[in-house]
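Thanks for coming, everyone. Please bring the model up on your screens, and we will walk through it together.

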Amino acid sequence: VSSEDWKKGSVFGCTVSHPPSNTSISREVKSFQDECSVTRPSVTLSKPSFEEIWINKTATILCKVVHGDLEGFGVTWQVNGMKREDGVTTRGAERIGGTDTITSRLTVPAAEWDSGALYTCVVEDKSLPTPESRSLEKPTDGVESRPQVYLLPPSLDEVETDETATLTCLVTRFSPEDIYVAWMANDTLLKTGIVNQPVTKDTRNGWNTMTSQLKVSPEEWNSG
């Protein structure tokens with residue numbers, strides 16, 4: 001047989017018949033690929049942003065698959081062990097830096113995410129002895145604590161010498177870590193000039209802290 005037929009896992013059979021003994025014996029064989037020798041894809045899941053949950057009332061879970069060659073690979077989703085097709089958006093393999101990347105998104109109602117449902121991304125291909133999967137659910141923190149918020153004005157030196165004025169919002173002592181911070185000027189929601197730092201956790205007490213900065217012109221700040 002051709003090496004291609006052998007490597008792709010075709011099943012070959014041999015049947016032997018011996019009429020004098022009224023015997024017929026069949027045997028089958030195919031190429032055996034050791035699972036340890038297979039380069040399995042990297043599969044990572046990312047939880048939805050709290051901003052999306054808070055504003056849109058939806059939750060989007062991202063599944064990222066990276067491998068040297070993802071041609072023919074398929075990605076499916078399960079929710080609590082049941083296949084889910086609604087709300088799934090999958091982008092085909094893209095070549096990035098010598099590897100292929102597939103991104104698949106599952107968007108669900110925020111209430112379903114909050115309920116603690118288990119989301120599983122399943123990656124399958126004929127080259128894999130078994131599917132590769134990762135699961136994610138909403139983290140549960142035992143302690144809930146309301147945030148403390150401090151708003152700090154720009155320094156006088158910055159306003160006088162620089163072309164910007166930086167306002168800092170310090171949010172601390174909150175738990176769990178999900179939080180949404182927005183800035184408003186005269187009751188108008190701002191979209192630009194904002195830099196949010198990642199949430200950090202104090203390992204001693206479990207509280208979280210983050211800072212958000214808004215940069216405006218000195219003229220806008222001085223206008224009141």
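**A loop, its neighbours and two sheets**

Let's begin with P176, which lies in the loop between strand 12 and strand 13. When I say strand, I mean a DSSP run of E with at least two residues, numbered from the N terminus. Before we go on, please keep in mind that this is a predicted model, where local features need pLDDT of at least 70, side-chain atom pairs count only at pLDDT 80 or more, and totals for chains, interfaces and linings use all residues. Residues are numbered from 1 along each chain as its sequence is written, and side-chain values use heavy atoms, with hydrogens and water left out.

Back to the loop, then. Which form does the peptide bond from S175 to P176 take, cis or trans? This bond is cis, and its omega is near 5°. For comparison, most peptide bonds are trans.

I179 belongs to that loop too, between strand 12 and strand 13, the latter covering 184-185. With a relative accessibility of 24%, I179 counts as partly exposed; for that word, buried is under 20% relative accessible area, exposed is over 50%, and partly exposed is in between (1.4 Å probe, protein chains only). Here is a pair to look up on your screen: I179 and N208 are separated by 29 residues in sequence, and their C-alpha atoms are 9.9 Å apart in space.

Now step back into strand 12 itself, residues 165-174. How many of its ten residues are buried? Eight are, so we can call strand 12 mostly covered.

R173 is found in strand 12 as well. The relative accessibility of R173 is 32%, and therefore this residue counts as partly exposed. Its backbone deserves a glance: phi of R173 is near 60°, which is positive although the residue is not glycine. In general, most residues other than glycine have a negative phi.

There is another example a little further along. D187 is also a non-glycine residue with a positive phi, near 70°. You will find D187 in the loop between strand 13 and strand 14, which spans 188-189. Is D187 buried or exposed? D187 is exposed, because its relative accessible area is 72%.

Next, the partners of strand 12. Strand 11, residues 148-152, pairs with strand 12 in the antiparallel sense over five bridges; to count as a pair, two strands need at least two DSSP bridges between them. Strand 12 is also joined to strand 17, residues 208-216, by nine bridges, and these two run antiparallel. If you want one residue to hold on to here, take L170 in strand 12. Y150 stands opposite L170, and in strand 17 the bridge partner of L170 is T211.

Let's move on to the sheets. One is an open sheet of four strands in the order 3-4-8-7, paired in the antiparallel sense. Strand 3 (42-46) and strand 7 (88-96) are the edge strands of this sheet, and each pairs on one side only. Further in, strand 4 (residues 58-67) and strand 8 (residues 99-109) run antiparallel and are joined by ten bridges. On that stretch, K64 has T103 in strand 8 as its bridge partner.

A sheet with the order 6-5-9-10 is open as well, with four strands and antiparallel pairing. What is left without a neighbour at its edges? Strand 6 (82-84) and strand 10 (132-136) each have a single partner strand, so one side of each has no neighbour in the sheet. The partner of strand 6 is strand 5, residues 74-79: three bridges join the two, and they run antiparallel. Follow W77 across, and you reach R84, its bridge partner in strand 6.

Last stop: the aromatic rings. Rings of Phe, Tyr and Trp (its six-membered ring) pair if their centres lie within 6.5 Å, with planes under 30 degrees apart called stacked, over 60 edge-to-face and the rest tilted. By this rule there are two aromatic pairs. One of them is formed by W113 and Y119: the ring centres are 6.0 Å apart and the planes meet at 25°, so this pair is stacked. And where do these residues sit, buried or exposed? W113 and Y119 are both buried.
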